[in-house]
Amino acid sequence: MTLWDRLLELDRRWIFLGIALAVAIPIITGYALPQGRPAPPTVRLFQFVEDLEPGDVVMVAFDYSPSSMPELHPQAYAVVRHLLQREIRVLSVSLNPQGTALGREVLAELAHELDAEDGVDFVHLGFMPGGSQVILGMGESITRVYPNTPDGRRTADLPVMEGVRNYDDIALLVDFAAGNLPFSWIAFAGERYNQEIAAGITAVMATDLYPYLQSGQLIGLINGLKGAAEYELLLDLDPVEAPGMLGMSAQAIAHLLIIVLVIVGNIAYFASGRHRRR
Amino acid sequence: MPEVLPATEIFGVSVEIIGVWLAAFLTLAIFSFLYQDNPVYKLAEHIFVGISAGYGVVITWHEAVIPLLINPLFRPEQAGLEAPNYVVLVPGVLGLLMFSRFVPRYDWLSRWPIAFVMGLYSGLTIPSSVQGFLLPQLHATLLPIWPGVEINAWTAVSNFLLVTGVVCTLAYFYFSREHRGALGAVSTVGIFFLMVAFGAGFGNTVMARVSLLIGRVQFLYHDWWFPHVLEPLMQLLGG
């Protein structure tokens, strides 16, 4: 058996170990690679938020579950931090039952840090089943879809809801999602009610959603952990305390290893003559 | 009624610490599958599925059924109503009919809510697919491809690539004629565009999966190993 054949027969568990080490070593040692320039779709969302006036209202949808947290939680922290820092009112909703606790966590932690008041500067309206019907319903009346907050307060009585009836009063909707819900927001809130929409998504979904940037149906897009790191960079956060930027060095080294493995695997495939045996 | 506070300690140990150890154990249990399938992995997998389902039921009950069905019927003042709203009985009864699946003799009743949901979704989805996806995407493809006053040379090249990609890819999916001659050449170019799209998709998928691993490794090291294992161990050894 030649060296190339041995490489092609390599137990895949060695590759798992290699990837695990490539990820773990930068995290344990705190090794940090320099960040690249933020991608235009991330910059466009950042700039849109920068151009909003204090007191404007942004709706944030937490449509993801803990399985997507490593990618979407840093994005949500970065964007909500930006909104609260700029004194923009935040209404958060969740069309995923597991997303409501995550949204509550993001808002509670940032409110504590930035001294924002629940019910005045932001409110978490919680989970509502129904997907597209919920999105359509809020086009008519948000308080009719969410009469109460999850802790029992009447939504219409909250100061944060002053002057907010439906999408006409929402400057931007940001959907953090790990499924098909951005498409529902685009079709029902965007196309039917002309709501400006941006999305924070897992990297798996990125190629599906890029066409909507090009068509103008999305004003901005944050792509995975990389997008979170880019937004944190735009916010000028300390890299040691920004989860997105902290993870990107491990990401880059793991990618480098995968590229090497793909190249070596292809060389081994052709050098061993297997392509002739097919 | 006295407020019931959640427990903060179990057998003298903080629930947060128990949570971190439990999460670390379950993460390692799931990772153990990378070596080979084993009962610990199966245990973690079943716990995950069960808790996800249970959590979904509890959240739906508290954040949807109570405010949208129970309160309007039995506690109208909490729903901001002066009198009970009996209209909510219609969706309530339709929802309850789904449970007829458990009684074989009456399981046909569950077809009504299913028919309602299917009809509603079809009505919502068909026009929205055309208005929300097809027409805007079609419109976004009708681009100038010649540089001039409106667009510079670089934008023209980008637009040309986009339009060529759409036309060639659509040609590849045209199966009513054999792919030979001009159609064969165009559809071959379409395959190249598809390959580029698959490559971009694969690259993003790799990035997503590595991100998930990074999240778990960050948790294992920063939230569990360092504060709960390494630091106490170092303190113990240091005196």
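**Exercise 1.** What pattern does chain B follow, read along the sequence?

*Solution.* Keep in mind that this is a predicted model. Start by counting: chain B has six helices and two strands. Now put them in order along the sequence, and you get β-β-α-α-α-α-α-α. Next, look at how chain B fills space. Its radius of gyration is 29 Å, well over the 18 Å that the globule rule gives for 239 residues, so chain B is more spread out than a compact globule. Along the principal axes, the C-alpha atoms of chain B take up a box of roughly 75 × 70 × 45 Å. As for burial, buried residues account for 9% of the 239 residues in chain B. Finally, take the contacts in chain B between residues at least 6 apart in sequence: 16% of them join residues at least 24 apart.

**Exercise 2.** Work out which helix of chain B gives the largest share of the side that touches chain A.

*Solution.* First, the head count: 37 residues of chain B are in contact with 44 residues of chain A. Then ask where the chain B residues sit. Helix 2 (39-74), helix 4 (111-141) and helix 6 (181-238) of chain B each supply at least two of them. The largest share is from helix 6 of chain B, with 17 residues. Last, sort this side of chain B by class: 22 residues are nonpolar, 14 are polar and one is charged.

**Exercise 3.** Find out how chain A is divided into domains, and what distance separates their centres.

*Solution.* Domain 1 of chain A is made of two stretches, 3-32 and 248-277, while domain 2 covers 40-238. Taken over C-alpha atoms, the centres of these two domains are 38 Å apart.

**Exercise 4.** Describe the surroundings of strand 2 (residues 89-94) of chain A.

*Solution.* Check burial first. Six of the six residues of strand 2 of chain A are buried, so this strand is largely enclosed by the rest of the structure. One side carries A:Arg89, A:Leu91 and A:Val93, and the other A:Val90, A:Ser92 and A:Ser94.

Now the neighbours. Strand 1 (residues 57-63) of chain A runs parallel to strand 2, joined by five bridges. Strand 3 (residues 122-127) of chain A is also parallel to strand 2, with four bridges. A:Ser92 is a handy landmark: A:Val60 stands opposite A:Ser92, and A:His124 in strand 3 is a bridge partner of A:Ser92.

To finish, trace the connections. Strand 1, helix 4 (residues 69-85) and strand 2 of chain A form a right-handed β-α-β unit. Strand 2, helix 5 (residues 99-114) and strand 3 of chain A form a right-handed β-α-β unit too.

Terms used:
Residues are numbered from 1 along each chain as its sequence is written. Chains are lettered from A and ligands numbered from 1 in the order in which they are written. This is a predicted model: local features need pLDDT of at least 70, side-chain atom pairs count only at pLDDT 80 or more; totals for chains, interfaces and linings use all residues. Domain bounds come from an automatic or database domain assignment. Two residues are in contact if their C-beta atoms, placed from the backbone, lie within 7 Å. Ala, Val, Leu, Ile, Met, Phe, Trp, Tyr, Cys and Pro count as nonpolar, Asp, Glu, Lys and Arg as charged, and the others, Gly among them, as polar. The radius of gyration is taken over C-alpha atoms; the globule rule is 2.2 Å times the number of residues to the power 0.38. A residue is buried if 20 or more other C-beta atoms lie within 10 Å of its own, exposed if 12 or fewer, and partly exposed in between; C-beta atoms are placed from the backbone. Two strands pair if DSSP finds at least two bridges between them. A crossover is right-handed if, with the strands pointing away from the viewer, the path from the first strand over the helix to the second runs clockwise.
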